[in-house]
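Hi,

Here is the structure I promised to pass on. Have a look at it first, and then read my notes underneath.

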Amino acid sequence: RRVRGALELLENNLKWRKDNNLLNIPKFSEVDTRLLTHINRILGARDKEGRAIAYMYAKRVTPNIPPHTIDLLIKFFSWYNYVGIFADGMDAIRNGTHVIGDMSQFGWNNFDIDHQKQMAPILSNTFPYLFRRMSMLNAPLFVYALLKILRTVISNKVVDRIKVCKDQKELFKNIDKGCLWREFGGELEWSEDRYLELLREWSERNEERLIAAGRE
């Protein structure tokens, strides 16, 4: 079953790249690094089920406005899922990612249904980057309506992984404070500048080899 699933992922991925005219994987220098701080990973941090941890500030999402135009997002995710994800270790791919989303100041201007339809394959069976769970904090009430809308463009299986938390304490059930960013109620010191610098250094050492493997 795992082999069949892996083959399906590869086929879907190749189709996605062909559909978006991205047979050549971009380099770190060619992507808009602002997107890296919109989904900020804490390298090496894991939740209690061994999933990698990433943080998202939903208010920074600006559909169809740079850096969230379709062309920039496609280029970014192509690089990220072939190169950047490996900076967090192979288990980040094997166990998937737990995204923690700060939904404060998130409004309808941060969501566009047509934009979401175009990006939906990234959350489905297309990339080795596996979205396993999302925990939403500070979510406005209309988020529940938004989740219903998402079911029209993304599979129920994926939407069911999105949970709305009443407060930061709910995160402690799944994440130790030592692996949780201080800004989200934990004890871990981290910064977006540090994340970008670590990724830049890691990419300089490894991306040529990974891009070559992706071509094969």
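Below is what turned up, starting with the ground rules and then going from the sheet to the cores and the odd spots.

This is a predicted model, so local features need pLDDT of at least 70 and side-chain atom pairs count only at pLDDT 80 or more, while totals for chains, interfaces and linings use all residues. Residues are numbered from 1 along each chain as its sequence is written, and side-chain values use heavy atoms, with hydrogens and water left out.

**The sheet**

There is an open sheet of five strands, in the order β1-β2-β3-β4-β5, with mixed pairing. Helices (H or I, at least four residues) and strands (E, at least two) are DSSP runs, numbered from the N terminus. Two strands count as paired if DSSP finds at least two bridges between them. β1 and β5 are the edge strands with a single partner each, so one side of each has no neighbour in the sheet. On average, neighbouring strands are turned by 20° against each other, direction ignored. Axes here are lines fitted to C-alpha atoms (for helices, over the stretch in contact), and angles run from 0 to 180 degrees between N-to-C directions.

Strand β3 (residues 97-102) is a good place to zoom in. It pairs with β2 in the parallel sense over six bridges, and M56 stands opposite G101 in β3. β3 and β4 also pair in the parallel sense over six bridges, with I100 opposite S135 in β4.

How many of the residues of β3 are buried? Six of its six are, where buried means under 20% relative accessible area, exposed means over 50%, and partly exposed is in between (1.4 Å probe, protein chains only). T97, V99 and G101 point one way from the strand, while H98, I100 and D102 point the other way.

**The cores**

A nonpolar core here is a set of buried Ala, Val, Leu, Ile, Met, Phe, Trp, Tyr and Cys residues joined through side-chain atoms within 4.5 Å. The largest one has 40 residues, and L36, Y55, W79, I100 and F184 have the most contacts inside it. At least two of its residues come from each of α2 (34-38), β1 (39-46), β2 (52-57), α3 (70-82) and α8 (192-215). α3 gives the largest share, eight residues.

Try clicking on L36: leaving aside residues up to four places away in sequence, L36 touches F28, F76, W79, Y80, Y195, L196 and L199. Contact means heavy atoms within 4.5 Å. Apart from that core lies another, of 20 residues, including F111, M134, M136 and I162.

**Helix α6**

Helix α6 (residues 143-150) has V143, L146, L147 and L150 as its buried residues. Seen down the axis of α6, they fall within an arc of 105°, so they line one face of the helix; the arc is that of the directions from the helix axis to the C-beta atoms. As a reminder, an α-helix has 3.6 residues a turn, so residues three or four places apart point the same way.

Those buried residues of α6 pack against α5 (113-119), β4 (131-137), α7 (156-159) and β5 (162-164).

**Odd spots in the loops**

A cis peptide bond joins P66 and P67, with omega at about 10°. P67 is found in the loop between β2 and α3. N64 lies in the loop between β2 and α3 as well, and its phi is near 70°, a positive value in a residue other than glycine. N64 is partly exposed, at 45% relative accessible area.

Q105 is in the loop between β3 and α5. Its phi is near 65°, again positive in a residue other than glycine, and Q105 counts as exposed at 65% relative accessibility.

**Cysteines**

How many disulfides does a search of the whole structure find? Zero, taking a disulfide as a pair of cysteine sulfur atoms within 2.5 Å. For C165, the closest cysteine sulfur is in C179, 17 Å away and too far for a bond. C165 is buried, with a relative accessible area of 9%, whereas C179 counts as partly exposed at 22%.

Cheers
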